[in-house]
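I opened this one to see how the chain is held together. My notes below go roughly in the order I looked things up.

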Amino acid sequence: MTRDGGPAYPRALAALLLGVALALPAAASTIYKWVDETGTMHLSSSKPPPGVKYETQNVGSSGAGATKSPAGGSSGNAPEVSPAQAAQRSDVLASLRNRECVIALEALDRLTSGTQPTSPAEIKRLKQTADANCSSDPAHRKEQEEMAAQLRVANGADCVKARNDLADMMARRTTATPEQLRAQQAFVDAHCIPPVQ
């Protein structure tokens, strides 16, 4: 969440994609991103079905970092991808899917157990996003659910207040002692760091 309480997910996804793209070597790899008719976002190294609008994220192409192509991507021959590049692309996709899974699980938990009104369509969309991105391996799925619980705490009112209080202390808008500042930082570090951004 942003300081004003709004969701930070779209900006976080863009920052994550850019960071991943800049971290990879100069090898052409394409990630396809599209939203289906139910609102579920998909990330894949394969093109979506014909007729579906999509964006491409070219990761690490010729030192240029990342480029984005709208609806339909580019035409032409795709460059050959080495096994190492394919493995890197697979790792990036797994990381992005894990992130989408955790965010969807956290939102489902928050919206189904909270007091704010939620539409059945939103619940259905979140369930489909979780189904499309969460692991089918029970051990990995349990880790994803634990990360979602940790994300819910980190996005909760207590942690938002704790991070804002810490920011005020660090900006010297309060008369906090060094011990209070250390204690506040320790609390934020222990409870309020989101497992995914």
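Before the crosslinks, a cut-off: I call two cysteines a disulfide when their sulfur atoms lie within 2.5 Å. Note to self that this is a predicted model.

**Entry 1: disulfides**

How many disulfides does a search of the whole structure find? I got 2.

I took C101 and C134 to begin with. Their sulfur atoms sit 2.0 Å apart, so by the 2.5 Å cut-off they form a disulfide. I then checked the twist: the angle about the S-S bond is 100°, and the link of C101 and C134 is right-handed. C101 belongs to helix α2 (residues 83–113), while C134 is in the loop between α3 (120–133) and α4, so this pair ties together parts that are 33 residues apart in sequence.

Are these two cysteines buried or exposed? C101 has 0% relative accessibility, so I put it down as buried. C134 has a relative accessible area of 12% and is buried as well.

Next I went to C159 and C192, whose sulfur atoms are 2.1 Å apart in a disulfide. Here I read -70° about the S-S bond, and the link of C159 and C192 is left-handed. C159 lies in helix α5 and C192 in the segment after α6 (178–191), so the pair ties together parts that are 33 residues apart in sequence. Both C159 and C192 came up as buried.

I also wrote down the pattern. With the bonded cysteines of the protein chain numbered in sequence order, the pairing reads 1-2, 3-4.

**Entry 2: the overall layout**

I stepped back to the whole chain. I count 6 helices and 4 strands in it. Starting at the N terminus, the elements go α-β-β-β-β-α-α-α-α-α.

The chain has 197 residues, and 34% of them count as buried. I also looked at contacts between residues at least 6 apart in sequence: 60% of these join residues at least 24 apart.

**Entry 3: the cores**

Nonpolar side chains tend to be buried together in soluble globular proteins. With that in mind I looked for cores.

The largest nonpolar core has 15 residues. V102, L105, L126, A130, C134, L151 and V196 are the ones with the most contacts inside it. I was pleased to meet C134 again, since I had it down as a disulfide partner of C101. Which elements give two or more residues to this core? They are α2, α3 and α4. α2 gives the most, with 8 residues.

There is another core apart from this one, with 6 residues, and I31, V92, L93 and L96 are among them.

I followed L151 a bit further. Setting aside neighbours within four places in sequence, L151 is in contact with V102, I103, E106, P194, P195 and V196.

**Entry 4: P194**

P194 was on that contact list, so I went there next. I found P194 in the segment after α6. P194 has 23% relative accessibility and therefore counts as partly exposed. Leaving out neighbours within four places, P194 is in contact with L151 and A154. I also checked R152: P194 and R152 are 42 residues apart in sequence, yet 8.3 Å apart in space from C-alpha to C-alpha.

**Entry 5: α4 against α5**

A154 turned up again when I looked at how two helices meet. The axes of α4 (residues 138–155) and α5 (residues 157–170) come within 4 Å and cross at roughly 55°. The two helices are therefore oblique to each other. On the α4 side the contact is made by V153, A154 and N155, and on the α5 side by A157, C159, V160 and R163. Sorted by class, I have 5 nonpolar, 1 polar and 1 charged residues there.

**Entry 6: M170 and R172**

Last stop, two residues. M170 lies in helix α5 and counts as exposed, at 54% relative accessibility. Beyond four places in sequence, M170 touches L181 and Q185. M170 and L181 are 11 residues apart in sequence and 7.6 Å apart in space, C-alpha to C-alpha.

R172 sits in the loop between α5 and α6. R172 has a positive phi of about 60° although it is not a glycine, so I flagged that in the margin. With 74% relative accessibility, R172 counts as exposed.

Notes:
Residues numbered from 1 in each chain as written. Predicted model: local features only at pLDDT ≥ 70, side-chain atom pairs only at ≥ 80, totals over all residues. Heavy atoms only, no water. Axes fitted to C-alpha atoms, helices over the stretch in contact; angles between N-to-C directions. Parallel < 35°, antiparallel > 145°, perpendicular 65-115°, else oblique. Contact = heavy atoms within 4.5 Å. Nonpolar A, V, L, I, M, F, W, Y, C, P; charged D, E, K, R; others polar. Buried < 20%, exposed > 50% of the residue type's maximum accessible area, 1.4 Å probe, protein only. Core = buried A, V, L, I, M, F, W, Y, C linked by side-chain atoms within 4.5 Å.
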